[in-house]
Amino acid sequence: MRDAPPPLPDDDGRLGREAARWRARSGRVRLARRLLPILIVVLAGGVIAWVALRTVISGAEREAETRQEQALVNAVFHGQDDQGRSFMIGAKGATRDPSTGRYRLIGPVLRLNLGGRKVTEMTADGGEYDQAAKTVTIGPNVRIADGESGFTLVTPEAVMDTESGTVRGDKGVEGSGPLGTLKASAYVIEDQGERIRFRGLGDQKVRGVINPAGSDR
């Protein structure tokens, strides 16, 4: 029996190159198997971090928009009460808070119109207009004047219900006019100035009704 002929030099080189390529490919596969889970974790962590960062940024942007106040100069608001009588709310400056919808007023002026010259006017240093609650609160240094009767009230605070046209306060009030002077603990102005009711406690035991607009009736 004859022995197999020895491999040719070219065959030895080809086999060696194939073996080297196989080993290199096998090494790359093993490296990829080790690196792929790490890469997946890194990518997932990056996505989570980006989502969290965008959430924080969006929240900060919304908060900044919410905090941004709208300022008005020489603001004027017009409306009517449930009896169809008109009123006007003016101010040297008004700032709207977007989070509450309320207006902070600087130098407010309120006018309640009973028709003709029968206008009750209220002024103060500051105040707040809540459109949703239909209330206007002004103070301090409130001055209430009835243009036709000449009656004037001075009080620390006045709260107007824009739906009913009623104005009230319970922090004390002083008044003067054709009927003399008075001092009371609380007051209610009804029907947009047609009647003023006073109530007193302690040393201010005044109770009564004044009809500033009654002179024409």
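**Entry 1: an aromatic cluster**

I looked up Phe 77 and Tyr 129 to begin with, and in this predicted model both of them are buried. For Tyr 129 I noted a relative accessible area of 9%, which is under the 20% that marks a residue as buried.

I then searched the whole structure for aromatic pairs and found three. In one of them, the ring centres of Phe 77 and Tyr 129 lie 5.2 Å apart with their planes at 65 degrees, so I wrote this pair down as edge-to-face. Because Phe 77 belongs to strand E1 and Tyr 129 to strand E5, the pair ties together parts that are 52 residues apart in sequence.

Tyr 129 also pairs with Tyr 103: here the ring centres are 6.4 Å apart and the planes stand at 25 degrees, so I entered the pair as stacked. Tyr 103 lies in strand E3, residues 103–113, while Tyr 129 is in strand E5, so this contact ties together parts 26 residues apart in sequence. I checked Tyr 103 for burial as well, and its relative accessible area of 10% makes it buried. Taken together, the ring pairs link Phe 77, Tyr 103 and Tyr 129 into a cluster.

**Entry 2: Asp 81 in its loop**

Next I turned to Asp 81, which I found in the loop between strand E1 (70–80) and strand E2 (86–96). Is Asp 81 buried or exposed? Its relative accessibility is 6%, so I count Asp 81 as buried.

I then asked which partners the side chain of Asp 81 has. It reaches the backbone nitrogen of Gln 83 at 2.9 Å, and it also makes a polar contact, at 2.8 Å, with the side chain of Arg 85.

**Entry 3: backbone angles and a cis bond**

I looked for backbone features and noted Asn 74, a residue other than glycine whose phi is positive, near 50 degrees. Asn 74 sits in strand E1, and with a relative accessible area of 56% it is exposed.

Lys 134, which is likewise not a glycine, has a positive phi near 60 degrees. I placed Lys 134 in the loop between strand E5 (126–130) and E6, where it is partly exposed, with a relative accessible area of 37%.

I also found a cis peptide bond joining Gly 139 and Pro 140, with omega at about 0 degrees. Pro 140 has its place in the loop between strand E6 (135–138) and strand E7 (142–146).

**Entry 4: the two faces of strand E14**

I reminded myself that side chains in a regular strand alternate between the two faces of the sheet. With that in mind I went through strand E14, residues 195–199, and asked which residues make up its covered face. They are Ile 196 and Phe 198, whereas Arg 195, Arg 197 and Arg 199 make up the uncovered face.

For the pairing, I noted that E14 runs antiparallel to strand E13 (residues 186–190), with five bridges between the two. As one position in this pairing, I recorded Val 188, whose bridge partner in E14 is Arg 197.

**Entry 5: a nonpolar patch**

Finally I looked at the surface and asked which residues make a nonpolar patch there. I found Leu 36, Leu 39, Ile 40 and Leu 43, which together make a patch of about 400 Å². I looked up the place of Ile 40 too, and this residue lies in helix H1, residues 9–67.

Methods. Residues are numbered from 1 along each chain as its sequence is written. This is a predicted model: local features need pLDDT of at least 70, side-chain atom pairs count only at pLDDT 80 or more; totals for chains, interfaces and linings use all residues. Side-chain values use heavy atoms; hydrogens and water are left out. Helices (H or I, at least four residues) and strands (E, at least two) are DSSP runs, numbered from the N terminus. Buried means under 20% relative accessible area, exposed over 50%, partly exposed in between (1.4 Å probe, protein chains only). A polar contact is a pair of N or O atoms within 3.5 Å; within protein, one must be able to donate a hydrogen and the other to accept it, and residues adjacent in sequence count only if both atoms are side-chain atoms. Two strands pair if DSSP finds at least two bridges between them. Patches are made of residues with over 30% relative accessible area and no salt bridge: like charges are joined within 9 Å, nonpolar side chains (Val, Leu, Ile, Met, Phe, Trp, Tyr) within 5 Å. Accessible areas come from the Shrake-Rupley method with a 1.4 Å probe; for residues, only the protein chains shown count as cover. A salt bridge is a side-chain nitrogen of Lys or Arg within 4 Å of a carboxyl oxygen of Asp or Glu. Rings of Phe, Tyr and Trp (its six-membered ring) pair if their centres lie within 6.5 Å; planes under 30 degrees apart count as stacked, over 60 as edge-to-face and the rest as tilted.
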